Each structure stands twice: as C-alpha cells, then as structure tokens.
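This report covers strand pairing, charged contacts and aromatic contacts in one protein chain. The sequence and model are shown first.

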Amino acid sequence: KHLNNFINTTSNKVEMIAKIFILTMLIASICMSTASPIVEEGEFPKFPSITESAATEVETENQVNESVSVFAQNSPSQYGYLTVIVKYARGLDDTDGWWNLPDPYAVVDAYYMEGAMYKRSTDQTGVVSGTQDPSWRKTMEFDWANWIDFTIRVMDSDVGSDDVMMEAFTIYVSPGVFCTQEHDSNGDGRVTYDYFFQTK
C-alpha cells in the first residue's frame with residue numbers, strides 16, 4: 001500500500017514537472033521566433049490547465065489593501081491563466097556595501113478578485129549569491145482567476161531581515177504574449193521578464 005502511494009505521488013509530480021517544462025519551452029520558442037514583443041490574442045498558445053499552482057495563495061494584508069484597493073475597485077479584472085517568467089536583472093544597487101556582494105532574488109505578487117475580495121498570490125525566484133547581475137529564468141504559474149495586475153520586486157537575502165534592492169513595480173495584465181519586457185529602476189538596475197495572459 002505504501003509503495004503504491006509513493007508511486008502515485010511520484011507519478012503526479014513527474015507529470016506536473018513535465019507540463020511546466022513543455023510550457024516553458026513553448027513560451028521560449030514564441031519569444032525567440034517573433035520579431036514583435038506582442039503576439040495578438042488570437043495567436044495565443046493553448047496552455048495546459050495546471051490545477052496545482054506552485055504559487056502560494058494568501059489574502060492581502062490590510063496595509064496592502066489600503067494602498068492598492070482604490071485602483072482595484074476601478075479596474076475590471078479579467079478571467080485568465082497568468083504566466084510570468086522572471087529572466088534576469090542587471091546593474092542592481094549593492095545594498096551590502098563594498099565588502100560583501102548582494103544575494104538577490106525576485107518576488108512576484110499577482111493580484112486577483114474573488115467575489116468582492118482583493119487577494120494576492122505570491123511566488124519567487126531562487127537566491128543567486130554574490131552578484132549584482134543575477135540570472136533566474138524562473139517560470140511562475142498563476143492558475144485561472146480574475147486577475148488584475150502583478151508586481152515584481154527584487155530583494156537581497158540577508159541574515160535577519162532582507163533588504164529591498166528594487167522597489168516593486170506594477171504590470172496591469174492584458175491578453176497576449178509579451179516577450180522581453182524591461183523595467184529600468186532609475187539607478188537601482190533593471191529587470192527583464194516575459195509574461196503571458198490567456199483568457200477563455
């Protein structure tokens with residue numbers, strides 16, 4: 001019995017990893033093959049429905065609601081499947097000082113409506129140690145929901161509390177494929193990412 005449970009669990013995990021790998025390869029081929037950064041909605045690839053999202057869903061704290069709910073209340077949500085690929089950052093500010101290079105990672109907070117409630121789903125890249133020019137190439141899947149926008153911020157992993165290397169910036173979701181998008185943080189470095197939003 002235990003062996004059968006182990007085999008079933010392993011099989012499910014392998015199947016999910018395979019789906020994410022195929023999805024990532026499909027997205028990469030689209031971004032490399034198109035000269036335009038945007039593929040029209042009608043050309044959007046049909047992604048598999050992955051019911052087990054890698055992102056952890058949590059309700060937004062009161063202070064976050066206070067800062068973003070005004071926009072959320074006046075912005076229509078769109079039901080769809082959101083994929084964000086955080087590719088790399090260049091020229092990040094060294095928050096540790098000359099004696100110690102930073103250990104950056106990126107955090108994506110994706111915001112959606114559930115009934116009358118404004119909620120958030122969060123995922124992050126791994127930590128890349130000792131660099132101001134990290135490459136992550138992390139694919140983040142956010143399952144079918146009424147999405148509004150998402151933010152990306154860059155943190156420095158430290159003992160105790162992590163430092164902010166780049167303040168969060170906001171991307172409002174639109175249907176389509178958006179390749180090699182770049183955000184320049186005016187002296188704090190720049191982040192390159194792809195995002196894909198499929199609506200039914």
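## Charged pairs and aromatic contacts around strand 4

Arginine 153 has a relative accessibility of 26% and therefore counts as partly exposed. The model is predicted, and side-chain atom pairs are taken into account only at pLDDT 80 or more.

Arginine 153 forms a salt bridge with aspartate 109, with 2.5 Å from N to O. This contact links distant parts of the chain, since aspartate 109 belongs to strand 4 and arginine 153 to strand 6, 44 residues apart. Aspartate 109 is buried, at a relative accessible area of 3%. Its side chain also meets that of arginine 120 in a salt bridge, at 3.9 Å from N to O. Here the partners are 11 residues apart, aspartate 109 in strand 4 (residues 104–114) and arginine 120 in strand 5 (residues 117–124). Arginine 120 has a relative accessibility of 11%, which is under the 20% limit, so this residue counts as buried.

The structure holds five salt bridges. Another of them joins lysine 119 and glutamate 114, whose closest N and O atoms are 2.7 Å apart. Lysine 119 is buried, with a relative accessible area of 11%, whereas glutamate 114 is partly exposed at 42%. Through shared partners, salt bridges connect Asp109, Arg120 and Arg153 into one network.

Three of the salt bridges are listed here.

| Acidic residue | Basic residue | N to O distance |
|---|---|---|
| Aspartate 109 | Arginine 153 | 2.5 Å |
| Aspartate 109 | Arginine 120 | 3.9 Å |
| Glutamate 114 | Lysine 119 | 2.7 Å |

The strand pairing gives the setting for these contacts. Strand 4 runs antiparallel to strand 6, and 10 bridges join the two. Within this pairing, valine 107 stands opposite arginine 153 of strand 6. Strand 4 also pairs with strand 5 in the antiparallel sense, over eight bridges; alanine 110 has serine 121 in strand 5 as its bridge partner. Strands 4 and 5 form a hairpin with two residues between them, and glycine 115 in the turn has a positive phi of about 65°. Strand 4 is mostly covered, with nine of its 11 residues buried.

Aspartate 149 is a further acidic residue, located in strand 6 (residues 135–156). It is buried, with a relative accessible area of 5%. Its C-alpha atom is separated by 7.3 Å from that of tyrosine 112, although the two residues are 37 apart along the chain.

Turning to the aromatic side chains, the structure has nine aromatic pairs. One of them is the stacked pair of tyrosine 111 and tyrosine 118, with 5.4 Å centre to centre and 15° between the planes. Both tyrosine 111 and tyrosine 118 are buried. Phenylalanine 150 and tyrosine 193 have ring centres 6.5 Å apart and planes at 90°, so this pair is edge-to-face. Because phenylalanine 150 lies in strand 6 and tyrosine 193 in strand 9 (residues 190–199), the pair ties together parts 43 residues apart in sequence. Phenylalanine 150 is buried at 0% relative accessibility, and tyrosine 193 is buried at a relative accessible area of 7%. Phe150 and Tyr193 belong to one aromatic cluster with Phe169, Phe178 and Tyr195.

A charge also sits over a ring in this model: the charged end of lysine 200 is placed over tryptophan 144, 5.1 Å from the ring centre.

Notes. Residues numbered from 1 in each chain as written. Predicted model: local features only at pLDDT ≥ 70, side-chain atom pairs only at ≥ 80, totals over all residues. Heavy atoms only, no water. Helix = DSSP H or I, 4+ residues; strand = E, 2+ residues; numbered from the N terminus. Buried < 20%, exposed > 50% of the residue type's maximum accessible area, 1.4 Å probe, protein only. Salt bridge = Lys/Arg side-chain N within 4 Å of Asp/Glu carboxyl O. Pairing = 2+ DSSP bridges. Phe/Tyr/Trp six-rings, centres within 6.5 Å; stacked < 30°, edge-to-face > 60°. Lys NZ or Arg CZ within 6 Å of the ring centre and 35° of its normal.
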